[in-house]
Amino acid sequence: MKKHVALPMAVLMALVLLDSHVDLVERDGRKALLVNNRLHDVQGWLAETGNRLVRRCDHPPTPADADARAWLDAVKQFSPPDSLDARLVRSWQLQDWAVVEVHFPHLKPALVVLQNDPDWQVLPQAVWSGSTAPWRVNDFVRRYLQQQAPAVPANLLACVEVEPLDFMAQ
């Protein structure tokens, strides 16, 4: 086959092959890449990568013991009896705001936003528990918590990073 025919044919075949395996779809108001019937959250990946490059997480990584106890007490009182066995896994704090990741023996892990006003209290509308599939975990929960509690400092939420396996479909 002549070169001037082979190159356009190769490009055409590559495009046909790509079109048969890859689609751009919209789910939950977001675009996703569907590759061989499996969704990939490219937007979430880009947001997480960009977040890691620009965020400034220089606030204290470990809370004062009194704050950690107060956060855990607030979570335990939020939805007893199942929440009484809550265990604090990770926490992020900035001034009068905190986000905590808690695990339970009989419930899925949760991310909880708390505000110190004048005592630490759970913001009931800003609690995430459950699967984020097919979306990227950290981007999804950051967007959700910011939407549910717009007053939470964006630079605090930018630092929230959880273990993806804890929030994937189980």
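Hi everyone, let's start at one residue: Arg 55 sits in the loop between α2 and α3, the latter being residues 65-78. Before going further, please keep in mind that this is a predicted model.

So, is Arg 55 buried or exposed? Neither label fits: with a relative accessibility of 26%, Arg 55 counts as partly exposed. What does Arg 55 touch, once we set aside its neighbours within four places in sequence? The contacts are Arg 142, Ala 158, Cys 159 and Glu 161. In one of these cases we can name the atoms, since the side chain of Arg 55 comes to 3.2 Å from the backbone oxygen of Ala 158. There is also Leu 156, which is 101 residues away along the chain, yet its C-alpha atom and that of Arg 55 are separated by 9.2 Å.

Stay in that loop for a moment, and look at Cys 57. Which residue is Cys 57 joined to? Its partner in a disulfide is Cys 159, with an S to S distance of 2.0 Å. That pair ties together distant parts of the chain: Cys 57 is in the loop between α2 and α3, while Cys 159 is in the segment after α5 (154-157), 102 residues apart. The angle about the S-S bond is -110°, and the link is left-handed. The count of disulfides comes to one. The two ends have their own surroundings: Cys 57 is partly exposed at 38% relative accessibility, whereas Cys 159 is buried at 6%. And remember that Cys 159 was also on the contact list of Arg 55.

Let me step back to the whole chain. There are five helices and seven strands. Reading from the N terminus, the order is α-β-β-β-α-α-β-β-β-β-α-α. The chain has 170 residues, and 35% of them are buried. The exposed area is about 10,400 Å², with 57% of that supplied by carbon and sulfur atoms. If we take contacts between residues at least 6 apart in sequence, 45% of them join residues at least 24 apart.

Now for the helices, beginning with α2, residues 42-54. Its 13 residues, at 1.5 Å a residue, should span 18 Å, and the end C-alpha atoms are indeed 18 Å apart. Which residues of α2 are buried? They are Gly 44, Glu 48 and Asn 51. Looking down the axis, those buried residues fall within an arc of 65°, so they line one face of the helix. A helpful reminder here is that an α-helix has 3.6 residues a turn, so residues three or four places apart point the same way. On the other side of α2 we find Leu 46, Leu 53 and Val 54, which are exposed.

Next comes α3. Its 14 residues should span 20 Å, and the ends agree, with C-alpha atoms 20 Å apart. Buried in α3 are Ala 68, Trp 71, Leu 72, Ala 74 and Val 75. Seen down the axis of α3, they fall within an arc of 160°, so here too the buried residues line one face. The face turned away carries the exposed Asp 65, Arg 69 and Gln 77. What covers the buried residues of α3? The cover includes the strands β4, β5 (97-103), β6 (110-116) and β7 (120-129).

Then there is α4, residues 137-148. For its 12 residues we expect 16 Å, and the end C-alpha atoms are 16 Å apart. Its buried residues are Val 137, Asn 138, Asp 139, Phe 140, Val 141, Arg 142 and Leu 145. Arg 142 should ring a bell, as it is one of the contacts of Arg 55.

I'll finish with some backbone details. Most residues other than glycine have a negative phi, and most peptide bonds are trans. Gln 95, in the loop between β4 and β5, has a positive phi near 55°. This residue is exposed, at 62% relative accessible area. Its backbone oxygen lies 3.3 Å from a polar atom of the side chain of Gln 93. Gln 93 itself belongs to strand β4, residues 87-94, and is buried at 18%.

Where do we find cis peptide bonds? One joins Pro 80 and Pro 81, with omega about 5°, and Pro 81 lies in the loop between α3 and β4. Another runs from Asp 117 to Pro 118, with omega near -15°, and Pro 118 is in the loop between β6 and β7. Thanks for listening!

Terms used:
Residues are numbered from 1 along each chain as its sequence is written. This is a predicted model: local features need pLDDT of at least 70, side-chain atom pairs count only at pLDDT 80 or more; totals for chains, interfaces and linings use all residues. Side-chain values use heavy atoms; hydrogens and water are left out. Helices (H or I, at least four residues) and strands (E, at least two) are DSSP runs, numbered from the N terminus. The expected span of a helix is 1.5 Å times one less than its number of residues. Buried means under 20% relative accessible area, exposed over 50%, partly exposed in between (1.4 Å probe, protein chains only). The arc is that of the directions from the helix axis to the C-beta atoms. Contact means heavy atoms within 4.5 Å. Accessible areas come from the Shrake-Rupley method with a 1.4 Å probe; for residues, only the protein chains shown count as cover. A polar contact is a pair of N or O atoms within 3.5 Å; within protein, one must be able to donate a hydrogen and the other to accept it, and residues adjacent in sequence count only if both atoms are side-chain atoms. A disulfide is a pair of cysteine sulfur atoms within 2.5 Å.
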